[in-house]
Amino acid sequence: MSRESYGPRTEAWAALARHAGNLAHVSISELCEKESDRDRLFCTEAEGLWLDLSRQRLDARALQLLLELAEQTGLPDWIERMFRGERINNTEDRAALHVALRRPADLPLGVEGKDVMHLVVAEREKMRALADSLHGGLLKGYTGRGITDVVNIGIGGSDLGVVMAVEALDRYRMPGLGVHFVSNVDGVQLARVLRTVDPETTLFVVCSKTFTTLETLNNARGVREWLMQRGGADAVAAQFVAVSTNHRAMDEFGVAPERRLDLWDWVGGRYSVCSAVGLVVALAIGWQNFAAFLAGAHEMDEHFRSAPLDRNLPVLLALAGIWNRNFLSAGNHAVLPYDDHLHRLPAYLQQLEMESNGKSVRRGGEPVECATAPVIWGEPGSNAQHSFYQLLHQGTDPVSADFLLPATSMVDRQEQQDLAAVNCIAQAWALASGDPEVSNADPHRDYTANRPTSLILFRQLDPATLGKLIALYEHKVFTQGVIWDVNSFDQWGVELGKRLASGLQASGTRDALPPVIAPALAKWRSWRR
Ligand code: F6P
């Protein structure tokens with residue numbers, strides 16, 4: 001990347017900084033009054049999603065400059081490079097081709113020209129066969145009884161996306177199948193799940209791209225032991241499925257060859273929900289619904305690739321984020337879905353955005369010259385109104401937010417969903433405009449607000465829509481990574497903690513305690529039973 005195409009050094013960036021100065025004392029309300037065509041300028045409908053940026057603290061000129069920034073940083077070319085399967089994950093020398101995972105079988109796509117669709121389709125077929133045989137009552141446990149429960153064992157990208165999707169699509173769940181998740185290392189979830197499931201009728205899916213992750217391997221070993229005690233090796237062979245790139249480790253673990261699903265190094269963990277990692281989702285909602293989910297994500301991929309930047313939903317969402325983070329200094333971004341089905345969306349987006357773009361060096365290793373990913377957090381809207389919205393409205397730090405709102409109730413309670421909708425829109429209004437009736441007379445009630453928010457509205461939360469939302473955010477993250485010139489597909493920052501934990505585990509009480517952790521270690525050792 002040349003000097004001039006690095007985001008903070010572009011002409012557009014400098015112009016944006018100047019323009020942000022001009023807008024510093026202009027409120028969102030004033031912008032809305034001045035620009036009567038903000039709905040046309042800032043609201044975009046595509047692929048069944050309606051993105052409303054009209055309550056962002058930017059005007060037409062700012063948006064135009066942001067679009068120029070995207071052009072000047074070479075975004076269209078980067079999009080093509082991703083779709084061409086170039087090794088854009090430079091620090092790991094890998095492609096980032098998650099778009100292949102939801103692509104129709106007959107549309108070739110490859111890593112550096114080498115088609116991968118036959119690989120993708122083969123794993124898809126295996127997933128489909130497993131899902132169909134489970135739902136057809138043909139998948140049996142070691143005593144010949146049909147499967148009643150599925151437990152996904154995985155963490156990070158092998159957990160957050162699938163938990164979020166299974167919760168989001170609860171309305172589409174296959175009747176009579178219990179679905180559980182075990183991720184944390186502390187054994188609490190594992191103990192809870194093993195208390196409730198039947199060893200003769202439970203299928204365990206071990207999901208780990210690397211098959212080396214401490215949490216997942218410990219939980220999986222715990223289950224294997226539990227199952228061995230009850231049904232021996234037959235039970236393990238019949239009731240374990242694994243998803244990984246690591247064939248040797250699956251061998252060593254004892255997963256039957258016909259019970260393995262493949263992944264590839266060009267699928268990042270947090271971008272993997274459409275791969276075989278999504279098996280538990282397919283088992284939970286059935287193949288037809290899972291296929292609709294993939295198709296939705298693919299539609300958004302095509303939109304991202306082909307729509308002009310000024311009508312491109314992921315690009316527009318990303319640019320609003322760049323404006324808030326880099327020109328309005330908002331270091332916090334809240335994700336606020338007004339549908340409880342999306343209660344794990346904030347956790348999923350925390351990994352997607354913060355693990356992807358929480359970086360301080362550029363692709364080439366030089367220090368970044370601007371702020372990168374904000375802190376992401378959130379909760380379903382109505383609950384959150386009664387907990388942390390106070391800070392959004394009157395706290396000292398600038399915060400931006402995304403509201404997500406389905407128009408239709410998925411649980412046949414439209415009147416209540418309408419209440420959710422009016423709450424959502426009222427909060428967006430309050431955050432933008434503050435209270436025109438209360439002046440500075442009572443400072444506690446002073447409500448200047450002026451908080452920028454986006455609204456993503458859709459008809460209903462069905463599998464296709466969820467697929468679109470996931471792809472929307474994946475491509476938003478990629479767009480921001482391009483502008484910040486960070487590699488959105490590696491995560492070196494998490495390695496040190498893993499290494500230190502393994503060292504501590506291995507050293508036991510033998511080694512001298514490093515001063516930085518000595519008091520904590522000594523106290524813990526004295527208290528543990
Ligand atoms: O610790 C971070 C991480 O490497 C994530 O990027 C990944 O999603 C997670 O661990 C789990 O990794 P795996 O699927 O290899 O078990």
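The questions and answers below concern a predicted model of a single chain.

Q: How many helices and strands are there in the chain, and how does its radius of gyration stand against the globule rule?
A: The secondary structure of the chain comprises 20 helices and 13 strands. For 529 residues the globule rule gives 24 Å, and the chain is as compact as a globular protein of that length because its own value is close to this. The radius of gyration of the chain is 24 Å.

Q: What percentage of the residues of the chain count as buried?
A: The C-alpha atoms fill a box of roughly 75 × 60 × 55 Å along the principal axes, and the chain exposes about 22900 Å², of which carbon and sulfur atoms supply 52%. A residue counts as buried when its relative accessible area is under 20%. Of the 529 residues, the share that counts as buried is 55%.

Q: Among contacts between residues at least 6 apart in sequence, what percentage join residues at least 24 apart?
A: The contacts considered here are those within the chain whose two residues are at least 6 apart in sequence. Within that set, the share joining residues at least 24 apart is 73%.

Q: How far apart are the mean positions of the positive and negative charges of the chain?
A: The chain carries 53 positive and 65 negative charges, and a mean position is taken for each of these two sets. The distance between the two mean positions is 6 Å.

Q: How far apart do the C-alpha centres of domain 1 and domain 3 lie?
A: The domain assignment gives domain 1 as 3-88 + 296-489, domain 2 as 116-285 and domain 3 as 497-527. Between the C-alpha centres of domain 1 and domain 3 the separation is 42 Å.

Q: Which residues does Asn289 touch, not counting residues up to four places away in sequence?
A: Asn289 belongs to helix α12, which covers residues 287-306, and it is partly exposed because its relative accessible area of 21% falls between the 20% and 50% cut-offs. Tyr172 is 117 residues away from Asn289 in sequence, yet the C-alpha atoms of the two are 7.5 Å apart in space. Beyond residues up to four places away, Asn289 touches Tyr172 and Pro463.

Q: Is Ser488 buried or exposed?
A: Ser488 sits in the loop between α18 (463-484) and α19 (495-507). Its contacts, not counting residues up to four places away in sequence, include Arg270, Tyr271, Ser356, Asn357 and Lys359, as well as Val477, Phe478 and Gly481. With a relative accessible area of 2%, Ser488 is buried.

Q: What is the phi of Glu47 near?
A: Glu47 lies in the loop between β1 (43-46) and β2 (49-52), and at 27% relative accessibility this residue counts as partly exposed. Most residues other than glycine have a negative phi. Glu47 is not a glycine, yet its phi is positive, near 50°.

Q: What is the relative accessible area of Ser329?
A: Ser329 is placed in the loop between α13 (313-327) and β10 (332-337). Although Ser329 is not a glycine, it has a positive phi of about 60°. Exposed means over 50%, and Ser329 is therefore exposed, with a relative accessible area of 52%.

Q: Which residues is Ala168 in contact with, leaving aside its neighbours within four places in sequence?
A: Ala168 is part of helix α7, which covers residues 160-168, and it is buried, with a relative accessible area of 2%. From Ala307, which is 139 residues away in sequence, Ala168 is 27 Å apart in space, C-alpha to C-alpha. Leaving aside its neighbours within four places in sequence, Ala168 is in contact with His341, Leu342, Leu461 and Leu466.

Q: Which residues is Arg344 in contact with, leaving aside its neighbours within four places in sequence?
A: Arg344 lies in the loop between β10 and α14 (345-357), where it counts as partly exposed at 34% relative accessibility. Leaving aside its neighbours within four places, Arg344 is in contact with Leu160, Val163, Met164 and Glu167.

Q: How far apart in space are Glu71 and Ala12, C-alpha to C-alpha?
A: Glu71 is found in helix α4 (residues 60-72) and counts as partly exposed at 47% relative accessibility. Not counting residues up to four places away in sequence, Glu71 touches Pro76 and Leu309. Glu71 and Ala12 are 59 residues apart in sequence, and their C-alpha separation in space is 9.3 Å.

Notes: Residues are numbered from 1 along each chain as its sequence is written. This is a predicted model: local features need pLDDT of at least 70, side-chain atom pairs count only at pLDDT 80 or more; totals for chains, interfaces and linings use all residues. Side-chain values use heavy atoms; hydrogens and water are left out. Helices (H or I, at least four residues) and strands (E, at least two) are DSSP runs, numbered from the N terminus. The radius of gyration is taken over C-alpha atoms; the globule rule is 2.2 Å times the number of residues to the power 0.38. Buried means under 20% relative accessible area, exposed over 50%, partly exposed in between (1.4 Å probe, protein chains only). Contact means heavy atoms within 4.5 Å. Accessible areas come from the Shrake-Rupley method with a 1.4 Å probe; for residues, only the protein chains shown count as cover. Lys and Arg count as positive and Asp and Glu as negative; His and the chain ends are not counted. The place of a charge is taken as NZ of Lys, CZ of Arg, CG of Asp or CD of Glu. Domain bounds come from an automatic or database domain assignment.
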